[in-house]
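Visitor: I would like a close look at a single part of this structure, taken slowly. Please begin with one pair of helices and then go on to the spaces around them.

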Amino acid sequence: MRFRRTSLIVAAVLAAVALPARAEDIKVGFISSYSGANANIGPYMEKAMRLYIQLHEKDLPPGVKIDLIVRDDTGANPDKAKQLAQDLVVRDKVKFLTGVIFTPNALAIAPIATEAKVPFVISNAGTSVITTKSPYIVRLSFTLWQSTYPLGTWASKKFKRAYTLVSDFGPGWDAEEAFSKAFKAGGGEIVGSVRVPIANPDFAPFLQRVKDAKPDALMVFVPAGKFATAVMKSFGDLGLRAAGVKLIGPGDITTDEELPAMGDVALGVTTVFHWSAAADRPANKEFIAAWKKAYGNDSIPNFEAVGSWDSMDAIFYAIREQKGTLDPDKTMELLKHYTNPNSPRGPIAIDPATRDIVQNEYLREVRMVNGMLQNVELETIGTAVKDPWKELNKQ
Ligand code: PHB
């Protein structure tokens with residue numbers, strides 16, 4: 001009897017010792033694309049998040065660890081994204097949702113974030129309206145209005161006649177509207193606008209129409225990654241570059257990791273964007289160096305990776321401020337006031353009124369530097385730019 005009681009006590013003590021002394025791991029549900037359109041972009045985003053975690057986990061409160069749970073939404077597939085988010089929330093009990101390349105997916109996830117009160121930190125999807133769809137959304141990426149509205153103003157001083165070609169979904173509609181509005185306000189004329197299907201587009205017939213209209217400039221938005229390379233190749237093959245049409249757009253069309261695959265047709269393409277791999281800001285140089293150390297000297301990160309890196313920085317901030325014990329409303333309050341003077345893209349902040357990113361926009365041109373095609377930042381075309389769509393549509 002005595003022996004049994006002693007062994008029970010010993011067992012209890014052992015159990016107590018074996019129990020982790022630290023708080024439970026904080027689960028972060030990461031949704032991105034590993035198949036379908038943009039299948040190669042998910043890994044860039046995940047690599048950025050894992051690298052951030054690896055380098056900064058020591059800065060979390062003692063014992064707190066991050067458990068990144070990765071899910072494949074298979075491309076622009078809102079039903080799949082919704083189901084994944086639901087499972088992450090209900091079954092895995094994640095404390096954050098993050099990632100998401102495509103706008104339709106982000107829109108499908110928004111009501112789940114609201115119902116479950118799970119903060120949703122968007123690291124790519126860029127249609128302006130998204131952040132209005134849930135009070136639990138905060139965006140660490142960009143909006144298409146932020147780049148294409150200043151691009152339209154700049155272009156109106158250089159060109160008289162412009163054509164627009166965009167993918168036929170949220171970010172494309174935003175790019176078309178923002179660019180056209182600013183270009184026309186500056187005295188330019190939009191001589192044609194075409195929307196191409198998001199799935200398996202053949203750009204040739206659309207670009208032929210553009211060529212026949214002989215515009216001075218063509219503004220293009222297609223999802224970055226392989227789509228951007230496809231449109232660039234078609235632009236060259238159909239002789240638009242040779243005919244003197246100037247290709248311009250948001251930075252999606254000259255996404256850094258694809259520049260080597262695009263080749264010389266990309267030379268001179270002018271874009272407005274919030275980040276470039278070539279930028280010589282110290283924080284960017286540090287980011288690029290850490291990336292190359294982890295993933296190899298030939299690996300070039302892209303803007304989706306930067307959005308993911310900054311998303312994780314914001315998540316870490318919310319965790320640190322709450323000493324590892326999270327309340328979703330407190331998390332949102334903290335994220336609304338998140339700032340980082342030293343992102344790889346320059347100073348960034350969240351606008352507490354809209355939960356959208358505030359950042360600089362740079363005018364860039366693709367040039368050959370040290371034998372490599374690079375998005376060279378020519379000037380800061382806008383400082384601390386808030387989403388212009390929200391600014392113009394304020395009640
Ligand atoms: C989006 O769906 O919002 C999206 C997708 C790809 C991009 C930019 C935005 O390059």
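Is the crossing of α2 and α11 right-handed or left-handed?

Guide: This is a predicted model, and the crossing of α2 and α11 in it is right-handed. Two further values complete the description, because a pair of packed helices is described by the angle between the axes and the distance between them. For α2 and α11, the axes cross at roughly 40 degrees and come within 8 Å.

Next, the residues that meet. From α2 the contact takes in Ile41, Tyr44, Met45, Ala48, Met49, Leu51, Tyr52, Ile53, Leu55 and His56. On the side of α11 the partners are Glu304, Ala305, Ser308, Trp309, Ser311, Met312, Asp313 and Phe316. Sorted by class, this contact of α2 with α11 has 13 nonpolar residues, three polar and two charged.

Helix α2 also holds a pair of charged side chains. Glu46 and Arg50 form a salt bridge, with 2.9 Å from N to O. The two residues are about one helical turn apart, because they stand four residues from each other in helix α2. In the whole structure, 15 salt bridges are found.

Both helices of the pair also help to line a space, the second largest pocket. That pocket has a volume of about 200 Å³. Its lining is made of 13 residues, and His56, Ala283, Glu286, Trp309 and Asn342 are the closest to its centre. Two of these names have come up already: His56 of α2 and Trp309 of α11 belong to the helix contact. The elements that each supply at least two lining residues are α2 (41-56), α10, α11 (303-321) and β11 (339-343). Of the elements, α10 gives the most to this lining, with four residues. By class, the lining has seven nonpolar, four polar and two charged residues.

Helix α10 leads on to the largest pocket, which holds about 240 Å³ of space. Its lining has 13 residues, with Ala277, Ala278, Ile300, Met372 and Gln374 nearest the centre. Two elements, α10 (282-295) and β14 (372-385), give two or more residues to this lining. Strand β14 gives the most, with four residues. The classes here are eight nonpolar, three polar and two charged.

Last comes the closed space. The structure has one cavity of 30 Å³ or more, and the volume of the largest cavity is about 130 Å³. It is lined by 17 residues, and those nearest its centre are Ile101, Asn124, Phe221, Pro223 and Asp252. Its lining divides into eleven nonpolar, four polar and two charged residues.

To return to the starting point, α2 and α11 make a right-handed crossing, and each of them supplies at least two residues to the lining of the second largest pocket.

How values were computed
Residues are numbered from 1 along each chain as its sequence is written. This is a predicted model: local features need pLDDT of at least 70, side-chain atom pairs count only at pLDDT 80 or more; totals for chains, interfaces and linings use all residues. Side-chain values use heavy atoms; hydrogens and water are left out. On a 1 Å grid over the protein atoms alone, a cavity is a set of points where a 1.4 Å probe fits but cannot get out, and a pocket is an open set with protein on both sides within 12 Å along at least five of seven lines; lining residues have an atom within 4 Å of a point. Grid points are joined across faces, edges and corners, and a volume is the space filled by probe spheres set on the points. Ala, Val, Leu, Ile, Met, Phe, Trp, Tyr, Cys and Pro count as nonpolar, Asp, Glu, Lys and Arg as charged, and the others, Gly among them, as polar. Axes are lines fitted to C-alpha atoms, for helices over the stretch in contact, and angles run from 0 to 180 degrees between N-to-C directions. A crossing is left-handed if the near helix is turned anticlockwise from the far one by less than a right angle, and right-handed if clockwise. Contact means heavy atoms within 4.5 Å. A salt bridge is a side-chain nitrogen of Lys or Arg within 4 Å of a carboxyl oxygen of Asp or Glu.
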